Amino acid sequence: MSIKDILQTAFQNLKRHKSRTILTSLGVAIGCVSILILVSIGIGMEENTKKMMAGMGSLNHISVYSYGYSPNGTPDSALNDETISMIEQIDHVKAVTPEGNLDNYSVTTSAKDGVYVTDWTSILGLNDNYLKNSEIEVVEGTADLPASTSNRIPVLLGERMAYSFRDTRRPEGKNRIDYYGDSMNIYYGMNGAVMVNENGSEISAYDPPDPYFDPLTTEITLEVTNFDSSGNETKVRFRLVPVGIVKEDYELGYQTGEGIIMRNEDLKTIVSQINREAGKPAQKTSYTNIKVDVDSVENVEAVQDAIKETINDESVEVYSQMDSVKSVEEMYRNTQLVLAGLGSISLLIAAIGITNTMVMSLTERKREIGIMKSLGCKTRDIQLIFLCEAGSIGFIGGIAGVLISILISMGINYFVWNKMGNFWDFLVWMYTPGNATSVLPWWLILFGLAFSIGIGLLAGYLPARKSVKVSALEAMRYQ
């Protein structure tokens with residue numbers, strides 16, 4: 001028999017018992033739906049978690065930490081200028097910067113001849129390459145720092161730094177401007193900070209009140225105080241010229257919110273002058289933290305391994321958000337396997353139904369099998385007919401299961417959607433990674449269909465084997 005004859009015979013046999021075929025296929029469809037929906041929810045949970053983690057920090061950033069300190073408390077680590085140069089030579093590295101700071105000193109700032117002052121200020125030092133090639137966003141002004149002079153240092157201010165100043169002419173409690181306003185509240189959720197008014201309604205666009213002065217047109221005085229072991233203090237003042245205000249980014253540092261950013265070279269000059277004024281000897285520059293920007297997320301793991309190999313120091317830790325993402329992926333992969341296992345129970349029950357259907361069909365068609373054998377039909381062709389029938393039941397059930405799963409998945413996502421917009425807006429929202437609760441990728445749909453067909457073939461294998469063992473003479477006598 002040709003393939004066409006085998007398929008035609010199989011479909012005719014299925015059509016002969018439509019009710020039985022439909023009910024058996026329905027069992028396969030239910031099993032297919034169970035697998036697809038459960039796994040799709042697991043995939044949706046994974047994508048939502050990844051989106052939340054990406055919102056907490058860029059996935060193409062790598063942080064290099066050192067926990068080495070000298071007896072006097074200053075950094076004594078493998079993270080130095082030579083190490084930075086080696087990291088910059090690694091393929092796919094976009095920008096590298098050590099994070100300098102003045103955490104060992106008391107730092108305050110003032111403006112307008114001391115009328116406006118801060119009680120504490122945090123300083124972050126970055127290098128030129130990082131400032132030019134990183135993903136620093138500027139709210140106002142520019143991120144291009146001009147060359148510093150002997151008495152003026154160009155800097156970038158954090159988004160809310162100007163609101164850190166208090167007015168020395170006003171009484172305590174009324175000498176600061178609240179960036180968010182008295183009637184504002186801030187809540188932190190999966191999508192970051194959410195501002196709500198006194199009625200609890202979310203505010204999508206918010207204009208903060210003006211600070212006491214325009215930070216981009218006002219020179220700021222930086223005062224750094226050093227205390228020695230005897231309690232003596234040395235104060236050094238520097239003039240800062242703000243040229244830009246940066247968008248807050250916790251991945252880069254909280255200084256982007258309420259601090260000051262400058263070149264590492266200028267920061268080294270400040271430290272050198274403080275030490276000179278305090279009578280301290282010059283110190284070798286080393287760092288406790290280095291930020292590395294990679295050109296794409298796909299290359300983060302390779303760059304991370306290369307950095308570990310380059311530094312090769314147990315006191316240095318190399319970390320990126322991708323480490324957490326990999327842990328999440330492994331956790332959800334196991335979850336999806338468990339969910340798929342639970343769903344496959346329904347499909348296995350459907351397989352028993354297919355086997356039962358095919359055994360009944362075999363019993364009813366013994367005389368037909370005997371006639372086919374007596375006419376010279378090969379046992380292989382008879383076996384293929386039964387396998388085609390079983391596989392067709394799996395295919396029909398799989399197609400129905402896929403269609404039902406798509407509808408259920410859309411229903412689940414529509415239920416959690418904010419109902420703002422038309423159906424097209426809903427589809428755009430649903431297929432944006434990290435939004436949907438139930439995600440049905442194409443590979444999962446193909447897997448569900450293939451698994452359904454495979455279950456049908458496996459369930460039909462035993463009846464097919466039994467069909468070829470039927471004696472032609474005995475089958476001819478069967479009524």
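## A helix, a loop and a patch

I406 is found in helix α10, which spans residues 379–416. The model shown here is predicted. In it, I406 has a relative accessible area of 30%, so this residue is partly exposed, between the 20% limit for buried and the 50% limit for exposed. I406 also helps to make a nonpolar surface patch. Its partners there are F395, I396, I399 and L403. Together these five side chains give a patch of about 400 Å².

Now the chain as a whole. The protein chain has 479 residues, and 45% of them are buried. It holds 13 helices and 15 strands. Its accessible surface is about 25,600 Å². Carbon and sulfur atoms account for 55% of that surface. Take the contacts between residues at least 6 apart in sequence: 78% of them join residues at least 24 apart.

Next, helix α11, residues 423–430. Which residues of α11 are buried? They are F426, L427, W429 and M430. These four lie on the same side of α11, because they cover an arc of only 160 degrees around the axis. A general rule helps here. An α-helix has 3.6 residues a turn, so residues three or four places apart point the same way.

The loop between β3 (residues 106–111) and β4 holds K112. D113 is found in that loop too. Neither residue is glycine, yet phi is positive in K112 and in D113. The table sets out their values.

| Residue | Phi | Relative accessibility |
|---|---|---|
| K112 | near 55 degrees | 45%, partly exposed |
| D113 | near 60 degrees | 84%, exposed |

Why does D113 count as exposed? Its relative accessibility is 84%, and the limit for exposed is over 50%. K112, at 45%, counts as partly exposed.

How confident is the prediction? The mean pLDDT of the protein chain is 78. A value of 70 or more is reached by 79% of the residues. Where is confidence highest, and where is it lowest? Strand β4, residues 116–117, has the highest mean, at 95. Strand β9, residues 185–189, has the lowest, at a mean of 51. Over residues 188–192 the pLDDT is below 50. This stretch has 6 contacts in the model beyond near neighbours in sequence. Residues 69–75 also stay under 50. For them the model has 11 contacts beyond four places in sequence.

Definitions and conventions:
Residues numbered from 1 in each chain as written. Predicted model: local features only at pLDDT ≥ 70, side-chain atom pairs only at ≥ 80, totals over all residues. Heavy atoms only, no water. pLDDT = per-residue confidence, 0-100. Helix = DSSP H or I, 4+ residues; strand = E, 2+ residues; numbered from the N terminus. Contact = heavy atoms within 4.5 Å. Buried < 20%, exposed > 50% of the residue type's maximum accessible area, 1.4 Å probe, protein only. Arc of directions from axis to C-beta. Patch = residues over 30% accessible without salt bridge, like charges linked within 9 Å, V, L, I, M, F, W, Y side chains within 5 Å. Areas by Shrake-Rupley, 256 points an atom, 1.4 Å probe, with all protein chains shown as cover. Salt bridge = Lys/Arg side-chain N within 4 Å of Asp/Glu carboxyl O.
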